[in-house]
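This briefing introduces a single structure to a reader who has not met it before. Please look over the sequence and the model before turning to the points below.

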Amino acid sequence: EVARKHQLGDGWPGDARIHQLSEKAEGLFQWAATVTRFLYEKSHPEAKLARLLSNDLSTGLTADKKMDELYATVLESGDWDDEDFVKSYSEFMGVLLAAKEPLSMNGMQLLHGHDPSIAFVDILSSVGPLLNGWRDPKTPVRIVHLSLRDYLTSESRCSPRAFVNEVEYNTKLATMCLA
């Protein structure tokens, strides 16, 4: 699917790279699936794949550490210098993690009162590989794995700009629902 979307040819990425990816995954299916979604969503997947495969730091880590490293790589692809991106990320991920029942993209927009300063579409190219259901506006959006919630809500594991304060967003979500 990645090769087809980005017109990389039928043989891409090749048996050798598939073997490298398999070795790098070290048995973590979720790692391999997230890498695939990441390459699918991003431009220049060839360069991104080469970078992922050349990173020897992720070999031999615990499963949690390995997933944390991948989550950080995916999140770093966002435009963190753009205030609108930062605000949209915070609002989207905060509500997504605070909601007890998954919301659809339509539901997220409605909850935010169609605030024009919040552009969820802008952040989905960065966080989309970490989510399921975001392509259909009526389908509930879910995180791909509970380890992502653990990562994003842990100040010690997550970068400060991607950290989501779940307590803060529980309160904010309650206020939004009442509004």
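The points that follow are grouped by topic. The model is predicted. Its largest pocket encloses about 230 Å³ of space, and the structure holds zero disulfides.

**The largest pocket**

- The space in the largest pocket comes to about 230 Å³. Of its 14 lining residues, Pro13, Ile18, Leu21, Thr36 and Leu39 are the closest to the centre.
- Three elements give two or more residues to this lining, namely helix H1 (2–5), helix H2 (15–25) and helix H3 (29–41).
- By residue class, the lining of the largest pocket consists of eleven nonpolar residues, two polar residues and one charged residue.

**The loop between H1 and H2**

- Pro13, one of the residues closest to the centre of the largest pocket, is located in the loop between H1 and H2.
- The peptide bond that joins Trp12 and Pro13 is cis, with omega at about 5°.
- Gln7 is found in this loop between H1 and H2 as well. Its phi is near 55°, which is a positive value in a residue other than glycine.
- Gln7 counts as exposed because its relative accessibility is 73%, and the cut-off for exposed is over 50%.

**Helix H4**

- Helix H4 covers residues 45–54, and its buried residues are Pro45, Lys48, Leu49, Leu52 and Leu53.
- When H4 is viewed down its axis, these buried residues fall within an arc of 130°, so they line one face of the helix.
- Arg51 and Ser54 are exposed on the other side of H4.

**Helix H10**

- Helix H10 runs over residues 166–178 and has 13 residues. At 1.5 Å a residue it should span 18 Å, and its end C-alpha atoms are 18 Å apart, so the two values agree.
- Tyr169, Leu173 and Met176 are buried in H10. Seen down the axis of H10, the buried residues fall within an arc of 65°, and therefore they line one face of the helix.
- Val167, Thr171 and Leu178 are exposed residues on the face of H10 that is turned away from the buried side.

**Cysteines**

- No disulfide is present, as the structure holds zero of them.
- Cys158 has a relative accessible area of 6% and is therefore buried, since buried means under 20%.
- Cys177, in contrast, is exposed, because its relative accessible area is 54%.

**Individual positions and distances along the chain**

- Ser104 belongs to the loop between helix H6 (83–98) and H7. With a relative accessible area of 15%, Ser104 is buried.
- Ser104 and Thr139 are 35 residues apart in sequence, while their C-alpha atoms are 5.0 Å apart in space.
- Leu110 is part of helix H7, which covers residues 105–111. Its relative accessible area is 61%, so Leu110 is exposed.
- From C-alpha to C-alpha, Leu110 and Glu69 are 33 Å apart in space, and in sequence they are 41 residues apart.
- Ala63 lies in helix H5, which is made up of residues 63–76. Ala63 counts as partly exposed because its relative accessibility is 39%, a value in between the cut-offs of 20% and 50%.
- Ala63 and Val144 are 81 residues apart along the chain, and a distance of 15 Å separates their C-alpha atoms.

Terms used
Residues numbered from 1 in each chain as written. Predicted model: local features only at pLDDT ≥ 70, side-chain atom pairs only at ≥ 80, totals over all residues. Heavy atoms only, no water. Helix = DSSP H or I, 4+ residues; strand = E, 2+ residues; numbered from the N terminus. Buried < 20%, exposed > 50% of the residue type's maximum accessible area, 1.4 Å probe, protein only. Disulfide = S-S within 2.5 Å. 1 Å grid on protein atoms, 1.4 Å probe; cavity = no way out; pocket = protein on both sides within 12 Å on 5 of 7 lines; lining within 4 Å. Points joined across faces, edges and corners; volume = space filled by probe spheres on them. Nonpolar A, V, L, I, M, F, W, Y, C, P; charged D, E, K, R; others polar. Expected span 1.5 Å × (residues − 1). Arc of directions from axis to C-beta.
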